Number of protein chains: 2
Amino acid sequence: MVSSPAPAPTTDYAFLAAELRERDAAAFVHVGDRFDDDQRYLTRFSGPDRDYAYVYVDGEAVLCAPALFEEQARREFPGDVVYAPADLDAEAPGQQAVEVLDAYDVGADETVLVPQHLPHDAALYLDGAGVDLASTDAVAAARTTKSDAEVDCLRAVQASAQRAMARVETFLAEAEQDGTALTHEGERLTSERLRREANAVLAGEGVDPAANTVVGVGETCADLHFRGDVPVDAGETVLVDLSPRGPHGYYGDLTRTFVVDAEGGWERRAHLAVQRAQDAAFDELDAGAGVAASLVHTETAAEVAAYGFDTGYDADTGFTHETGHGVGLSLHESPSLSDDVELAAGTVVTVEPGVYDPTEGGVRIEDLVVVTEDGFENLTDYPRSLVPEPREWV
Amino acid sequence: MVSSPAPAPTTDYAFLAAELRERDAAAFVHVGDRFDDDQRYLTRFSGPDRDYAYVYVDGEAVLCAPALFEEQARREFPGDVVYAPADLDAEAPGQQAVEVLDAYDVGADETVLVPQHLPHDAALYLDGAGVDLASTDAVAAARTTKSDAEVDCLRAVQASAQRAMARVETFLAEAEQDGTALTHEGERLTSERLRREANAVLAGEGVDPAANTVVGVGETCADLHFRGDVPVDAGETVLVDLSPRGPHGYYGDLTRTFVVDAEGGWERRAHLAVQRAQDAAFDELDAGAGVAASLVHTETAAEVAAYGFDTGYDADTGFTHETGHGVGLSLHESPSLSDDVELAAGTVVTVEPGVYDPTEGGVRIEDLVVVTEDGFENLTDYPRSLVPEPREWV
């Protein structure tokens, strides 16, 4: 075997039992496919690209497995009952959910809770069965607080991101300069070439690049999700943002910014500002569970401003985005570090101040941290230097 | 620049205009995120992992760009109008769609068409605005027939899959044998190691492995979506199924099965059966546009049966699945080769007969083809040999 990946986390459905009690509801239903991260959390099943139904009723978690996937569903689902297609009369997942509710004697006019993004056709089947649909955000709320097993998955995929970053940084450190043009082993260095290097490392590590890898160069750094192919020159900011997905569905998120042969003052000032701003965020997070999310952002932005950069979502330059977001089975999930909430222990967020100026470039550094009872643990261990150096990273 | 990928396909919205006329509807609305392939087709926008709204009304295609993604939306969207968040009062995408409908004077009681899987909350906003919601499968239907630009994308990603397959086949051809155990450069060969090799090639090609790579070994081949890590021995079937996603969102799909030092009769007979069965499918597809999808499957299954294997979705062994499925912006999309439909020119489907026996192993070969007016073009060009050979593939 090539590796021992973190074991698959399980899901404790007690939060659904509590939500049903509190809302005086008879059941919870969701329908979604492998790309629906709530469904992934509820089922731990990496199913097909077509919908399948999950039902929580009478203290039992039920999965209606899609055809050809029964075996995998039985292997992955931590719940109580897996129905194969042959076990049910209905074919449409929404209709299968109705059949399950019926089997558990959930009657018309009883309340059934569903996530807001339940597919419309499933809602129509449930409506047609006469139950009262009401929406719940209990799944998103439960997902916010990670178990130790989930944190282990996040730590593992972040470590893979670090090894991919080391490859990119080493590539830049080894670059040869011809005028301002950078080459590596005789070939012109471009954003696409760096992206492919990073992604090949990630794939070789057994994690999925997830079509997320961003490599911005100079002015394209300000385009926060740039995926084009442009040449890399000396003196330009090279912003590398890696968000791979591990085998159990958890994302890493790591950003560093490098400049080969930096001469200008802007990027050095920007890089110092985002380092100090990230430190300011860490100072707030040192308080641990209970810290106000919005305070983390406010203090981070204040530090960026102290270095003379604009801040604010409407600004044309400077720190134009929030300080961070939750990461888990979704790359972007609750909470945002601008939300008016207190961070609970087990919350995993990015800390990613950045400053951008279309005429100068863009600089961002991003770590992934987990809030603990009395502080936080940085799941990231990677240098923040602006000048690229050859790295071996384990 | 490292490559010249196929140019981004565009979307001709004439099919929506025709659908609105036919259904006497005022507008079409969809809400979805980057993982919603209908939304990708409608917008050509590889947006974030949160929902955004698309509206087609009065002959104009409108995208409500999510925050931080306006620039990318304007670059990628082939439609008429992009609203930034600041242009709209509403924040929720479903509510933004209502605001757009209002701006275009779509009144209460007019019909608005939506896909079946529109998120429930968006349906509630539209319901609340008083319009009559009716579902349409026009988007899925339009996606079935590929333009030349779309076929170019599919051909390009399939070529990357072939180069990844060549790496895996070469790896197996180079394997050293110690008893029945296979090693490569001194390390035990396992399914996970082969999967990582394939995925690293794909990532290095600039396409996304898309967490789809399946490597089954012996009995795990019958588990159609096996992703575990098991050692590879001589004499065992090694089933490699690659379904990477290209930069514009189109999937490839390629399967080959190899046996190092094959001795048994079962895998040779199975491999011959699936080759002849694939040829039988090609014979039917030679008729070109108008051929009945279900006839392709029937003839393929008949050939498998002629070699003494069971067929049928309920069978425990033999050919237990359909012959193929549509491929495009979704890995599995309409049509299935068991559907009661005639295949139109421009339809892209897999042709993938397989036979499985938990006590023997599993053998499948899969090509990707496009139906033309007077035949079909195989988008795949890769040998079908059971015995692995070193390959260089361009």
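Visitor: Which residues is H297(A) in contact with, leaving aside its neighbours within four places in sequence?

Guide: In this predicted model, H297(A) is in contact with Y313(A), F319(A), H321(A), E322(A), T323(A) and L337(A), its neighbours within four places in sequence being left aside. With T323(A) there is also a polar contact between the two side chains, at 2.7 Å.

Visitor: Where is H297(A) found, and is it buried or exposed?

Guide: H297(A) belongs to helix 10 of chain A, which covers residues 293-306. Its relative accessibility is 15%, and the limit for buried is under 20%, so H297(A) counts as buried.

Visitor: Let us turn to D367(A). Which strand does D367(A) lie in?

Guide: D367(A) lies in strand 18 of chain A, a strand that spans residues 367-372. D367(A) is buried, with a relative accessible area of 5%.

Visitor: Which side chains make polar contacts with the side chain of D367(A)?

Guide: The side chain of R256(A) makes one, at 2.9 Å. The side chain of N378(A) is likewise joined to that of D367(A) by a polar contact of 2.9 Å.

Visitor: And what else is D367(A) in contact with?

Guide: Beyond four places in sequence, the contacts of D367(A) include D253(A), L254(A), Q278(A), F282(A) and T380(A). V349(A), T350(A) and V351(A) are also among them, and these three residues belong to strand 15 of chain A, residues 348-351.

Visitor: How do strand 15 and strand 18 of chain A pair?

Guide: The two strands pair in the antiparallel sense, over four bridges. Within this pairing, V348(A) has V370(A) of strand 18 as its bridge partner.

Visitor: Which residues of strand 15 are on each side?

Guide: V348(A) and T350(A) are on one side, V349(A) and V351(A) on the other. All four are buried, and both faces of the strand are thus covered.

Visitor: Now helix 5 of chain A. Which of its residues are buried?

Guide: Helix 5 covers residues 120-128, and H120(A), A122(A), A123(A) and L126(A) are buried in it. Viewed down the helix axis, the buried residues fall within an arc of 160°, so they line one face of helix 5.

Visitor: What comes just after that helix?

Guide: G130(A) is found just after helix 5 of chain A, and it takes a positive phi of about 90°.

Visitor: A different topic: what area is buried between chain B and chain A?

Guide: The area buried between them is about 4000 Å², and carbon and sulfur atoms give 52% of it. Chain B contributes 48 residues to the contact, and chain A contributes 48 residues.

Visitor: How many salt bridges and polar contacts are there across the interface?

Guide: Two salt bridges are found across the interface of chain B and chain A. R75(B) forms a salt bridge with D223(A), with 2.4 Å between the closest N and O atoms. In addition, 18 residue pairs are in polar contact across the interface, counting pairs with both residues at pLDDT 80 or more.

Visitor: Which elements of chain B give two or more residues to the side that touches chain A?

Guide: Those elements are helix 3 (70-76), helix 5 (120-128) and helix 8 (191-204) of chain B. Helix 8 gives the largest share of that side, seven residues.

Visitor: Finally, where does V230(A) lie?

Guide: V230(A) lies in the loop between strand 10 (214-217) and strand 11 (237-242) of chain A. At 21% relative accessibility, V230(A) counts as partly exposed. V230(A) and V217(A) are 13 residues apart in sequence, and their C-alpha atoms are 7.3 Å apart in space.

Definitions and conventions. Residues are numbered from 1 along each chain as its sequence is written. Chains are lettered from A and ligands numbered from 1 in the order in which they are written. This is a predicted model: local features need pLDDT of at least 70, side-chain atom pairs count only at pLDDT 80 or more; totals for chains, interfaces and linings use all residues. Side-chain values use heavy atoms; hydrogens and water are left out. Buried means under 20% relative accessible area, exposed over 50%, partly exposed in between (1.4 Å probe, protein chains only). Two strands pair if DSSP finds at least two bridges between them. The arc is that of the directions from the helix axis to the C-beta atoms. Contact means heavy atoms within 4.5 Å. Buried area is the accessible area (1.4 Å probe) that two parts lose on being put together, summed over both. A salt bridge is a side-chain nitrogen of Lys or Arg within 4 Å of a carboxyl oxygen of Asp or Glu. A polar contact is a pair of N or O atoms within 3.5 Å; within protein, one must be able to donate a hydrogen and the other to accept it, and residues adjacent in sequence count only if both atoms are side-chain atoms.
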